[in-house]
Amino acid sequence: ESPNSDGMTPELEKAGLLNKTKIAEGGRKLRKNWNPSWVVLVGNSLMFFKDPKTQNSDSWKPGNSCPESSVDLRGAQLQWANELSSKKNVFKLRTVTGNEFLLQSDTDSLIREWYSTILKVIDRLDKE
Ligand code: I3P
């Protein structure tokens with residue numbers, strides 16, 4: 001029996017380490033502060049965990065440690081944003097509430113996978 005067979009626990013779509021900075025909160029611009037973040041995509045949410053060394057892909061499950069922050073992907077917008085940084089492989093995620101994040105990885109294939117996986121979730125939610 002799979003751990004998700006109760007139909008209550010959303011499926012883990014993807015997890016991994018990305019560089020992250022929040023650049024706006026409720027539409028208000030913030031100062032960049034790049035940090036490595038353990039990113040977990042589960043159900044309709046993208047979750048960010050603080051300490052990559054002490055986190056793993058089970059961390060989002062009930063009873064485990066809380067994410068530093070969590071983003072509802074419903075109505076979110078995703079776009080490549082290399083013009084917003086001196087780093088390569090940067091995309092921007094904007095929530096309906098006007099929070100904006102940049103996510104980045106030096107590994108081309110990895111950042112492309114994240115981009116397409118997040119986009120797939122956003123598109124699925126748009127159709128609901
Ligand atoms: C910022 C820091 C960021 C940089 C940002 C700088 O300086 O160097 O890494 O963003 O550039 O302002 P500080 O540490 O003094 O806040 P990138 O690495 O994404 O280029 P920006 O102001 O042009 O966004």
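Me: What share of the contacts in the protein chain with a separation of 6 or more is between residues 24 or more positions apart?
Reply: Such pairs account for 49% of those contacts, a contact being heavy atoms within 4.5 Å. The model is predicted, so local features need pLDDT of at least 70 and side-chain atom pairs pLDDT 80 or more, while totals for chains, interfaces and linings use all residues. Residues are numbered from 1 along each chain as its sequence is written, and side-chain values use heavy atoms, without hydrogens and water.

Me: How many helices and strands are there in the protein chain?
Reply: The protein chain has one helix and eight strands; these are DSSP runs numbered from the N terminus, helices (H or I) of at least four residues and strands (E) of at least two. Reading from the N terminus, the order is β-β-β-β-β-β-β-β-α.

Me: And how much of the protein chain is buried?
Reply: Of the 128 residues in the protein chain, 39% are buried. Buried means under 20% relative accessible area, exposed over 50%, and partly exposed in between (1.4 Å probe, protein chains only).

Me: Which residues have the most contacts inside the largest nonpolar core?
Reply: They are Leu 46, Leu 73, Phe 91, Leu 93, Trp 114 and Ile 118, in a core of 20 residues. A nonpolar core is a set of buried Ala, Val, Leu, Ile, Met, Phe, Trp, Tyr and Cys residues joined through side-chain atoms within 4.5 Å.

Me: Which elements give two or more residues to this core?
Reply: Four strands and the helix do so: β3 (35-42), β4 (45-49), β7 (90-94), β8 (100-104) and α1 (108-127). The element α1 gives the most, with seven residues.

Me: Back to Trp 114. What does Trp 114 touch?
Reply: Leaving aside residues up to four places away in sequence, Trp 114 touches Lys 14, Ala 15, Gly 16, Leu 18, Val 39, Val 40, Leu 41, Leu 46 and Phe 91.

Me: Which residues does the second core include?
Reply: This core is separate and has five residues, among them Trp 38, Val 40, Val 42 and Met 47. Val 40 is also one of the residues that Trp 114 touches.

Me: New topic: where does Pro 10 lie?
Reply: Pro 10 lies in the segment before β1.

Me: Why is Pro 10 classed as partly exposed?
Reply: Pro 10 is classed as partly exposed because its relative accessible area is 38%.

Me: How far apart are Pro 10 and Gly 43?
Reply: In sequence, Pro 10 and Gly 43 are 33 residues apart. In space, the C-alpha atoms of Pro 10 and Gly 43 are 5.0 Å apart.
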